[in-house]
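Open the model in your viewer and keep the selection panel at hand. This tour goes stop by stop.

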Amino acid sequence: MFSWVKQEQGGRNKEGEMYQTVTEGLQTLYHKKLLPLEEHYLFHDFHSPALEAADFQSKPMVLLVGQYSTGKTTFIRYLLEQDFPGMRIGPEPTTDGFIAVMYGENEGVVPGNALVVDPKKPFRKLNAFGNSFLNRFICSQMPNQVLQSISIIDTPGILSGEKQRISRGYDFAEVLRWFGERVDRIILLFDAHKLDISDEFSEAIRAFKGQDDKIRVVLNKADQVDTQQLMRVYGALMWSLGKVINTPEVVRVYLGSFWAKPLQNTENRRLFEAESQDLFRDIQSLPRNAALRKLNDLIKRARLAKVHAYIISYLKKEMPSLFGREKKKEELIMRLPEIYTILQREHHISPGDFPNVAKMQDMLQHYDFSKFPSLKMKLIESVDKMLASKIAVLMAMIREEESKAPPAMVSGGAFEGSQDGPFGQGYGEGISAGADAEDWIVSREKHRYDEIFYMLMPVNGKITGVNAKKEMMNSRLPNTVLGKIWKLADCDRDGMLDDEEFALAQHLIKIKLEGYELPTELPDHLVPPSHRKNATADALYNHSED
């Protein structure tokens, strides 16, 4: 049995509590340490609703955001490899609401109003957005293997031009912000022919401020342009994103065509395959990092709650006891940036921990500062203690849980068999070339390598390292790479190369120059026939020579 706290007599902490899982520890830590601070200082009114049990126990979620007809719904179908209830695909804005695609034994659709009263689903707090939103929110359930590990949230196609001026009836950006705080990955989809970022799309991306580590970008339908155009499209996309995502880091962009139809331009096929595998690995890692993500989000929430408490208590302290309250309130709201600086210096708080000034000023207009609570250091100290000691022990428990029962990676759908068989990434290429051939693949070019070998004046059928170095340096590869090639090619470890070992070295150099990676150990199919333990190897080699 695990315990996330320092164990004392009987394996219990001072409060007599024990926890068997990280999720249970996180949930109890939030309710006993952080929630009292949030409730006391009206945190839920200003920032984010209280967390519930389903928020801690839910599967990792992936949020898809993009303009209409960029392929969001098609992307989900591509991952699941089957249609899901409520799915509509078309060139016009078809998805007019939010669809939570989740696992269920029975296939069907749960409407939004029924969904937000289900305590087992992490959507109860969406009730605050009203019927206008709930009428456009459904949960699509189906028994798909991919959905056993993750849930996927499809969003309405973001509008552009005159269409974006039409009100949706609910605060679209706030709904996205709510999801952004709770999901594990945010994927922004772009169409290779639709790179403009409309005002509504810009507002949607800004709603994810503070969640930058979760954002990934997919440039979809990249097969519809040739290589030269793709370079220009990629550059234009990075320029557009740079104007909206105000961070010095470059966001990760995946290129590809995420549907099951033939590629229109096949010249970048290898690039698209590599990019899709990178994206798959990123999504497959979500279950493994889910507990760590929830812990990270809890720490971010605790830091914001502390800062919020300092702001509220400072405003309370500055209010007059009797007269001039309204005038003082307006003055304090105007001075909020200055108050941030004062609190930052007084309590040693990082500037990045403070909430947005303009948003905070707007919300403070609706409150009576004289009714705000005063600073209660006991609540602050309780959260400080949680961050200083108990979180660190909980992190150690995460690693311990992973070592004993590592979470299963996402499988099924498009993730199934993507690495196996002749159509897996890298199959029959680079170091894998010749793996299923009867002859030694190096023998196909050995006659050319032999000409070079005999020009290096071998002694007793071998050349020294000095002579081999002169020839191998002509490749202009770094010494570290050539050293690795030498180690792989010198099969008998005698510090010299015979004709087969030299041919192998030249073959490995060719592989590296073509942009493929070298292995840590030489694969069996590349071992020179005369150095193999198998007695039939020479016969196969001699047969190919004949």
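The stops below cover the sheet, the pocket and the salt bridges.

**Before you start**

This is a predicted model, in which local features need pLDDT of at least 70 and side-chain atom pairs count only at pLDDT 80 or more, while totals for chains, interfaces and linings use all residues. Residues are numbered from 1 along each chain as its sequence is written, and side-chain values use heavy atoms, with hydrogens and water left out.

**Stop 1: the sheet**

Colour by secondary structure. Helices (H or I, at least four residues) and strands (E, at least two) are DSSP runs, numbered from the N terminus. Find the open sheet of eight strands; its order is β3-β4-β2-β5-β1-β6-β7-β8, and its pairing is mixed. Two strands pair if DSSP finds at least two bridges between them. At the edges sit β3 (108-111) and β8 (253-255), each paired on one side only. On average, neighbouring strands here are turned by 25 degrees against each other, direction ignored. The axes behind that value are lines fitted to C-alpha atoms (for helices over the stretch in contact), with angles from 0 to 180 degrees between N-to-C directions.

Now select 61-66 and 185-191. These are β1 and β6, which run parallel and share five bridges. Which residue of β6 is the bridge partner of Val65? Pick Leu188.

Move to the edge strand β8 and select Leu255. Leu255 is buried because its relative accessibility is 9%; buried means under 20% relative accessible area, exposed over 50%, partly exposed in between (1.4 Å probe, protein chains only). Add Glu275: its C-alpha is 6.0 Å from that of Leu255, though 20 residues separate the two in sequence.

**Stop 2: the largest pocket**

Select Glu181, Lys209, Gly210, Gln211 and Leu304. Of the 48 lining residues, these lie nearest the centre of the largest pocket. On a 1 Å grid over the protein atoms alone, a pocket is an open set of points with protein on both sides within 12 Å along at least five of seven lines; lining residues have an atom within 4 Å of a point. The space inside is about 1500 Å³, a volume filled by probe spheres set on the points, which are joined across faces, edges and corners.

Which helix gives the largest share of the lining? Show α11, which supplies eight residues. Others supplying at least two each include α7 (172-182) and α8 (199-206). By class, the lining has 21 nonpolar, nine polar and 18 charged residues. Here Ala, Val, Leu, Ile, Met, Phe, Trp, Tyr, Cys and Pro count as nonpolar, Asp, Glu, Lys and Arg as charged, and the others, Gly among them, as polar.

**Stop 3: salt bridges**

The structure holds 31 salt bridges, each a side-chain nitrogen of Lys or Arg within 4 Å of a carboxyl oxygen of Asp or Glu.

Select Arg303 and Asp353, whose side chains meet at 2.8 Å, N to O. The pair links distant parts of the chain: Arg303 is in α11 (286-318), and Asp353 is in the loop between α13 (336-347) and α14 (357-364), 50 residues away. Buried or partly exposed? Arg303 is partly exposed at 39%; Asp353 is buried at 19%.

Next, select Glu331 and Lys328, with closest N and O atoms 3.5 Å apart. Both lie in α12 (325-334), three residues apart, about one turn of the helix.

Then take Lys462 and Asp494, at 2.3 Å. Lys462 is in β9 (462-464), and Asp494 is in the loop between α18 (479-489) and β10 (496-498).

Finish with Asp184, Lys214, Arg293, Asp297 and Lys300, joined into one network by salt bridges that share partners.

How values were computed. 1 Å grid on protein atoms, 1.4 Å probe; cavity = no way out; pocket = protein on both sides within 12 Å on 5 of 7 lines; lining within 4 Å.
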